[in-house]
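These are my notebook entries on a structure that I looked up residue by residue. I kept each entry short and wrote down what I found as I went.

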Amino acid sequence: MRAVQAIFMKQLADLPKNISITIMYILFPAMGFLFSNLMGGVDEFGFDQGPVMVVQFAMMFVGMVPLVTIANTIAEDNEYKSLRFLVTAGVKPFQYLAGLISFVMVMAVVVLAVFAFMGDFTGTDLVLFFALGLLGVLTSCVLGAIVGIFSKNVQQCSAIYTPLMMALSFAPFISMFSDTMRQVAHFVFTFQIFAALTNLVIEIPYGTEPVFDITLTQSTIVIAANALLFAILFAVAYRKKGLRG
């Protein structure tokens with residue numbers, strides 16, 4: 001437990017030094033606030049676009065920031081031999097990962113709370129928002145760990161995670177205009193988060209038909225399946241590459 005806490009505090013201390021990661025935690029809530037105000041208001045169909053903008057940027061945060069944070073940290077610790085030092089000092093690989101993921105989860109709770117406030121989520125909607133968001137964050141963290149393990153350095157890591165995070169973030173948007181893309185994106189956890197939360201903010205206030213013909217149960221199953229798949233892939237990657245620096 002002390003080792004996990006030590007890794008957590010190390011990440012907290014390193015956050016101000018890693019400007020690019022720090023900016024990402026600030027950027028998405030800021031963009032959500034800006035766009036929800038600029039593009040908010042009731043459209044010709046009677047929908048308030050403000051909460052939809054909040055949902056869109058919350059989904060982008062979930063798909064991008066945890067992935068980048070975990071992958072970049074592992075790659076950096078590998079490149080600069082910090083991970084080897086930690087393992088030599090008695091920190092087990094699972095403690096190292098637990099410390100990283102717990103840090104990201106805590107940061108994500110803070111950011112999602114800001115999104116929830118902007119989207120005016122309350123009651124059951126608030127619980128569902130956090131449940132889906134944190135499940136997505138955990139899934140993104142596991143994927144980031146896979147990328148980090150296979151990366152020899154930060155530059156290679158960036159080359160791997162950039163197309164991944166772009167696909168995870170923009171596939172849901174493109175699927176709104178392409179049936180083919182929607183069929184593919186249907187199996188991606190960020191699309192399911194986007195679909196479930198969009199239905200949440202549009203269907204309930206106005207009593208309309210869902211924007212996406214997907215139930216909350218179906219979305220949860222797909223997200224959980226993504227998390228399980230990434231966990232299996234991580235186990236394979238860990239067995240092949242290890243995590244000892």
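**Entry: Leu 15.** I began with the contacts of Leu 15, in a model that is predicted. Leaving out residues up to four places away in sequence, I found that Leu 15 touches Ile 21, Thr 22, Tyr 25, Phe 103 and Met 107. I located Leu 15 in the loop between α1 and α2. Is Leu 15 buried or exposed? I noted that Leu 15 has a relative accessible area of 14% and is therefore buried, since buried means under 20%. I also looked up a pair distant in sequence: Leu 15 and Thr 69 are 54 residues apart along the chain, and their C-alpha atoms are separated by 10.0 Å.

**Entry: Gln 11.** I then turned to helix α1, which covers residues 2–14 and holds Gln 11. The relative accessible area of Gln 11 is 8%, so I recorded this residue as buried. Which residues does Gln 11 contact, leaving aside its neighbours within four places in sequence? I listed Thr 73, Leu 100 and Phe 103 as the contacts of Gln 11. Phe 103 had already appeared in my list for Leu 15.

**Entry: the nonpolar core.** I looked up the largest nonpolar core and found that it has 74 residues. Those with the most contacts inside this core are Tyr 25, Phe 28, Phe 61, Phe 115 and Phe 129. Helix α3, residues 49–79, gives the most to the core, namely 17 residues. I set beside this a general remark: in soluble globular proteins, nonpolar side chains tend to be buried together.

I followed Phe 28 further. Not counting residues up to four places away in sequence, Phe 28 touches Phe 57, Met 60, Phe 61, Met 64, Val 65 and Phe 115.

**Entry: a surface patch.** I next looked for nonpolar residues on the surface. Ile 19, Ile 23 and Leu 27 make a nonpolar surface patch of about 260 Å². I placed Leu 27 in helix α2, which spans residues 19–38. Why does Leu 27 count as partly exposed? I found that its relative accessibility is 39%, and partly exposed applies because this value falls between the cut-offs of 20% and 50%.

**Entry: Asp 120.** I checked the backbone angles and stopped at Asp 120, which has a positive phi of about 60 degrees although it is not a glycine. I noted this because most residues other than glycine have a negative phi. Asp 120 is in the loop between α5 (93–119) and α6 (123–150). With a relative accessible area of 61%, Asp 120 is exposed.

**Entry: cysteines.** How many disulfides does the structure hold? I found 0 disulfides. Cys 141 is in no disulfide, and its nearest cysteine sulfur is that of Cys 157, 13 Å away. I recorded that this is too far for a bond, because a disulfide needs the two sulfur atoms to be within 2.5 Å. Cys 141 is buried, at 0% relative accessibility, and Cys 157 is likewise buried, at 0%.

**Entry: Ser 219.** I closed with helix α10, residues 216–241, in which Ser 219 lies. Ser 219 has a relative accessible area of 0% and is thus buried. Leaving aside its neighbours within four places in sequence, I found Ser 219 in contact with Gln 192, Ala 196 and Ile 214.

Terms used
Residues are numbered from 1 along each chain as its sequence is written. This is a predicted model: local features need pLDDT of at least 70, side-chain atom pairs count only at pLDDT 80 or more; totals for chains, interfaces and linings use all residues. Side-chain values use heavy atoms; hydrogens and water are left out. Patches are made of residues with over 30% relative accessible area and no salt bridge: like charges are joined within 9 Å, nonpolar side chains (Val, Leu, Ile, Met, Phe, Trp, Tyr) within 5 Å. Accessible areas come from the Shrake-Rupley method with a 1.4 Å probe; for residues, only the protein chains shown count as cover. A salt bridge is a side-chain nitrogen of Lys or Arg within 4 Å of a carboxyl oxygen of Asp or Glu. Helices (H or I, at least four residues) and strands (E, at least two) are DSSP runs, numbered from the N terminus. Buried means under 20% relative accessible area, exposed over 50%, partly exposed in between (1.4 Å probe, protein chains only). A nonpolar core is a set of buried Ala, Val, Leu, Ile, Met, Phe, Trp, Tyr and Cys residues joined through side-chain atoms within 4.5 Å. Contact means heavy atoms within 4.5 Å.
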